[in-house]
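Got your viewer open? Let's walk through this one stop at a time, selecting as we go.

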There are 2 protein chains.
Amino acid sequence: MPIVVQKYGGSSLADAASIKRVARRIAEAKKAGNDVCVAVSAMGDSTDELLDLANEVSPQPPPREMDMLLTAGERISMALVAMAIADLGYTVRSFTGSQAGVITDSSHGKARIIDVTPGRVTDALDKGHIVIVAGFQGVSQDTKEITTLGRGGTDTTAVALAAALGADVCEIYTDVDGVFTADPRIVPAARKISRISNEEMLELAASGSKVLHLRSVEYARRFAIPIHVRSSFSAKEGTIVTDTPTTTNAGDTVEAPIIAGVAHDRSEAKITVVGVPDHPGKAAEIFQTCADAEINIDMIVQNVSATETGLTDISFTCPKTDGQTGVQALRKVQQSVGFGSILYDDQIGKLSLVGAGMRSHPGVSATFFKALADTGVNIEMISTSEIRISVVTRADVLDDAVRAVHTAFGLDSADGEAVVYGGSGR
Amino acid sequence: MPIVVQKYGGSSLADAASIKRVARRIAEAKKAGNDVCVAVSAMGDSTDELLDLANEVSPQPPPREMDMLLTAGERISMALVAMAIADLGYTVRSFTGSQAGVITDSSHGKARIIDVTPGRVTDALDKGHIVIVAGFQGVSQDTKEITTLGRGGTDTTAVALAAALGADVCEIYTDVDGVFTADPRIVPAARKISRISNEEMLELAASGSKVLHLRSVEYARRFAIPIHVRSSFSAKEGTIVTDTPTTTNAGDTVEAPIIAGVAHDRSEAKITVVGVPDHPGKAAEIFQTCADAEINIDMIVQNVSATETGLTDISFTCPKTDGQTGVQALRKVQQSVGFGSILYDDQIGKLSLVGAGMRSHPGVSATFFKALADTGVNIEMISTSEIRISVVTRADVLDDAVRAVHTAFGLDSADGEAVVYGGSGR
C-alpha cells in the first residue's frame with residue numbers, strides 16, 4: 001500500500017473547526033487507499049503563548065525545561081487531531097516524537113535528527129491505523145531527554161518520517177497554495193510554481209522564502225523524498241519539490257524555466273566594521289569573534305583598501321535578532337583588532353533571484369542589474385552562488401525591486417502558466 | 001539525606017506568580033537539607049480547558065487520545081515550576097510520569113499504579129537536583145501507552161513516589177490549612193485536625209471530604225507513608241495522616257478524640273425501584289444491571305415487604321453523574337425483573353460522622369440521631385461501618401444537619417484545640 005506522509009502547520013490547526021477540517025482531509029487520503037502518517041505542529045499561536053508563560057516565570061529558562069514545555073503544544077494538537085479522525089470512524093494512534101522514534105542529538109531548542117526508528121508507527125500503520133505524530137520534537141540519543149528541532153521543525157519531522165517509512169510523497173500542507181515565483185502579497189502577478197528542483201528550493205528557503213523550512217529541504221534532498229507543498233484550504237495541486245525529471249505525455253523532458261523565483265528577506269541587519277587594518281588575519285579575527293558569539297553570518301563584502309591609509313571596511317549581514325549581540329562582541333575586540341568604529345543598520349532588505357537555468361544562460365546578471373537600475377534601486381552588497389544572485393538594498397525600496405525583477409524575467413503571469421524560456425532540459 | 005515528597009495542586013499553580021511562590025517553597029525544603037521530589041497537577045483550570053477542546057472536536061474521544069491530551073497539562077506546569085526553581089539558583093529536572101517510572105495498568109482515564117521504578121528520579125536526586133514529576137499520569141506496563149489516574153490522581157502520584165523513594169513524609173499542599181472537623185464554609189467553628197488515623201481519613205474521603213483523594217490515602221496506608229496535608233499559602237502545620245501512635249513528651253500515648261469529623265456530600269442521587277417482587281434474586285438482578293452499566297452504588301436500603309402485596313421497594317444512592325445511565329439501564333429490565341416503577345431524586349444530601357473512637361464508645365448513635373431530630377432533620381437512609389454513621393437527608397437541610405452534629409459532638413472550638421473525650425488510646 002502506498003505510504004503518504006502529511007504535515008499540517010499551526011495555521012491549519014488554529015481551532016476545533018480547523019482540526020475537524022484537517023481530519024477530513026487526512027481521512028480522504030486513507031480512503032483513497034494509502035497508509036497515512038501525519039506530522040502536526042502546535043495549534044495556532046499556542047507555542048508563542050507557552051513562550052510567554054515561560055518568560056513570565058524566568059528570564060533565562062533552562063533549555064531542557066523549555067523543550068519539555070514547548071513539546072506540550074504538539075501533544076495537544078496531535079491528540080485533538082486523532083480524536084477528530086476517530087470521530088469520522090477511522091482508527092488512529094497519536095505518538096510523541098519520542099514514541100515515533102525521532103532520535104536527535106542533545107542540542108535543546110535546535111536539535112538535529114540523527115536517526116528515525118519508527119517501529120511503533122510502522123506497527124500502527126500495518127494494523128490499518130492512521131498515525132499522527134507530534135512534529136518539532138524528538139528524544140536525544142545519549143541522554144533520553146526530550147528535544148525540539150527549532151522553529152519550523154515540523155517540516156523536518158514530516159520529511160524524516162517520510163524517509164524512514166519509505167513514503168511515496170511528503171505532503172506539506174500550509175495556508176498558501178504552494179511555492180510562488182515571489183511573495184504574492186508584494187507581487188500580485190506572482191504565479192504558483194508547479195515544479196521546482198531541490199537545489200532551487202534550498203536557495204529560495206535560504207533567501208527568505210518561508211513556505212518550507214530550509215532543513216526539511218536539505219533532508220528531502222539527501223533522502224530523495226519528493227515534497228508536495230499545498231494548501232490545506234483547497235484541493236488544488238501545489239508545488240512539487242523534487243530532482244526527478246518530469247516527462248510529458250510524449251515522453252519528452254519538460255523544459256525548465258531559467259528562473260524559479262524571486263525571494264526577499266527583511267529579517268537581516270548589516271554591520272559594518274570601519275577602518276580595519278588591511279593586514280592578513282584581521283578579517284579572520286572579526287569573524288571568529290562573531291562565531292564565538294554564535295552569530296549566523298550571511299553576506300560579506302570587503303571594500304577595496306584605500307592605499308594611502310592602509311585601512312579597509314568590512315560589512316556583513318546577520319539576522320536582526322543576532323545584531324546587538326554581534327555589535328557588543330565586536331566592541332570588546334575593537335582594541336585588539338584595531339578597527340575604527342562599528343556601524344549598525346537594520347533598515348536593509350535582501351533580494352535574491354534563484355534559478356538553476358542561470359548556470360547555462362549568460363545575460364541573467366545583465367537583465368537583473370538593469371531592472372534594478374531602471375527602478376532606481378541602489379545596490380549595497382552583492383553575493384552570488386551558481387544558481388542565485390542576491391543583493392542588499394534599502395528596506396524601503398525592496399518591494400519595488402522585487403516587482404521590477406519579477407517583471408524583467410517574464411515571471412508575471414495572468415494565466416497561471418510558467419513562462420518557459422527553453423532551456424537546459426534538467 | 002532525608003527525602004521529602006511534595007505535591008502541589010492546580011489551585012496552587014494558577015499563574016506565573018503562584019508558580020514562583022511554589023518554587024520558593026520547594027527551594028526552602030531543599031535548603032533545609034532534604035532531597036526534594038515534587039508532584040504537580042496541571043495549572044488552575046487548564047485540564048477543564050483541554051476537556052472543553054476535546055469536546056468541541058469529538059463527542060466521544062478515544063480514551064487513549066484523551067489521556068495523551070490531558071497529560072499535556074502537567075507537562076506544562078512541571079516545566080514552568082522547574083524553570084522558576086532554576087531561576088532561584090537551584091538545579092532541577094522535570095520528568096513526565098513515564099520518565100519517572102510510574103507504571104500503571106492500561107485503563108485509560110482511571111489507571112491504577114502497578115509499580116514505580118524511579119531510576120531517573122533517584123539519579124537526579126543523587127546528583128543534588130530538585131526533581132519535579134508530572135502528577136496524574138503514568139505509562140502502561142504492557143502496551144507502553146500514556147495513561148492517566150483519574151481526577152485527583154496527583155495525590156496518588158505523590159504518595160506512590162514517596163513510597164518508592166522511601167521518603168520520610170509526603171506533603172500534600174493545597175488551598176486549605178489541612179483536614180477540618182467539617183467543611184469550614186458550612187461550619188465556621190470547624191477546627192483543623194492536627195492528627196488523624198489513616199482509616200478515619202479513608203472514611204472521610206469516601207464520605208465527601210475533598211481534601212485528599214481516596215486512593216492516595218489507601219496507597220499511603222498500604223505503604224505506611226505519613227501524609228502531611230497543609231496550605232501552600234501559609235507556613236502553618238497542617239494535618240498529619242498516619243497510623244503511627246503519637247506520644248507526648250511524657251511518653252504517654254495521646255488520647256484520641258472519639259470523633260474525627262463530619263463529612264458531607266451533595267454529589268449523589270437516590271434511585272428507588274418501586275414494587276419489586278419480594279423473591280430471592282430480584283435484588284441481585286437489579287444490582288447486576290447497575291454493575292453492567294458501570295454505576296458505582298453507595299448506600300442501599302430495602303423496605304420491609306408489605307406482606308399483603310408481596311412487593312418491596314429498593315432504594316440506593318449513586319453519583320449524580322451516573323444517575324440517568326442507571327435509570328435507563330433499569331427501565332430496560334423493568335419487564336424481566338417485574339418491578340412497578342422507578343423514582344429518581346437528586347435533591348438529597350449525605351452526612352457522615354467518622355471516628356475510630358466510636359468503636360469503643362456506646363451512645364454515639366444516640367447522640368447523633370438526637371442531634372438530627374432536635375434540628376428537625378428527616379432521615380431517609382442510614383448506613384454504618386465500624387467507625388462511621390452516614391445518613392441521607394433532603395439537600396436543603398444538609399447544612400443545618402452538619403452544624404447540629406458538629407456541635408453535638410463538641411467539635412465546635414474557638415481556640416482551635418481538639419476536644420478530647422478520653423478514649424481508646426489507639
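Leaving aside its neighbours within four places in sequence, which residues is A86(B) in contact with? Select A86(B) and look around: with those neighbours set aside, the contacts are P62(A) and V92(B), where contact means heavy atoms within 4.5 Å.

Before going further, a word on what you're looking at: this is a predicted model, in which local features need pLDDT of at least 70 and side-chain atom pairs count only at pLDDT 80 or more, while totals for chains, interfaces and linings use all residues. Residues are numbered from 1 along each chain as its sequence is written, chains are lettered from A and ligands numbered from 1 in the order in which they are written, and side-chain values use heavy atoms, with hydrogens and water left out.

**Stop 1: around A86(B)**

Keep A86(B) selected. A86(B) sits in helix α3 of chain B; helices here are DSSP runs (H or I, at least four residues), strands are E runs of at least two, and both are numbered from the N terminus. With a relative accessible area of 23%, A86(B) is partly exposed. On that scale, buried means under 20% relative accessible area, exposed means over 50%, and partly exposed is in between (1.4 Å probe, protein chains only). Now add H129(B): A86(B) and H129(B) are 43 residues apart in sequence and 10.0 Å apart in space, C-alpha to C-alpha.

**Stop 2: helices that meet α3(B)**

Select residues 16-31 of chain B, which is helix α1, together with α3(B). Their axes come within 8 Å and cross at roughly 60°; axes are lines fitted to C-alpha atoms, for helices over the stretch in contact, and angles run from 0 to 180 degrees between N-to-C directions. That makes α1(B) and α3(B) oblique to each other. For the labels, angles under 35 degrees count as roughly parallel, over 145 as roughly antiparallel, 65 to 115 as roughly perpendicular, and the rest as oblique. The α1(B) and α3(B) crossing is right-handed: the near helix is turned clockwise from the far one by less than a right angle, while an anticlockwise turn would be left-handed. Show side chains and you'll find I19(B), K20(B), A23(B) and I26(B) of α1(B) making the contact with L80(B), V81(B), A84(B) and I85(B) of α3(B).

Swap α1(B) for helix α2 (residues 46-57) of chain B. How close do the axes of α2 and α3 of chain B come? They come within 9 Å and cross at roughly 150°, so α2(B) and α3(B) are roughly antiparallel. This crossing is right-handed. From α2(B), the contact uses T47(B), L50(B), L51(B) and A54(B); from α3(B), it uses M66(B), L69(B), L70(B), G73(B) and E74(B).

**Stop 3: a helix pair in chain A**

Jump to α6 (residues 198-206) and α7 (residues 214-223) of chain A, whose axes come within 9 Å and cross at roughly 165°. That makes α6(A) roughly antiparallel to α7(A). Here the crossing is left-handed.

**Stop 4: the nonpolar core**

Select I26, L80 and I132 in both chains A and B. These touch the most other members of the largest nonpolar core, which has 74 residues. Such a core is a set of buried Ala, Val, Leu, Ile, Met, Phe, Trp, Tyr and Cys residues joined through side-chain atoms within 4.5 Å. Zoom in on I132(A): beyond neighbours within four places in sequence, its contacts include I26(A), V38(A), M78(A) and F95(A).

**Stop 5: charged pairs**

How many salt bridges are found over all chains? There are 44, each one a side-chain nitrogen of Lys or Arg within 4 Å of a carboxyl oxygen of Asp or Glu.

Select E145(A) and R64(A): their closest N and O atoms are 2.8 Å apart. E145(A) lies in the loop between β7 (137-140) and β8 (146-148) of chain A and R64(A) in helix α3 (residues 63-87) of chain A, so this salt bridge ties together parts 81 residues apart in sequence. Are these two buried or exposed? E145(A) is buried at 12% relative accessibility, and R64(A) is buried at 9%. Add E65(A) and R120(B), and you have a network of salt bridges linking these two residues with R64(A) and E145(A).

Finally, select R266(B) and D399(B), a salt bridge with its closest N and O atoms 2.2 Å apart. R266(B) is partly exposed at 35%, and D399(B) is partly exposed at 25%.
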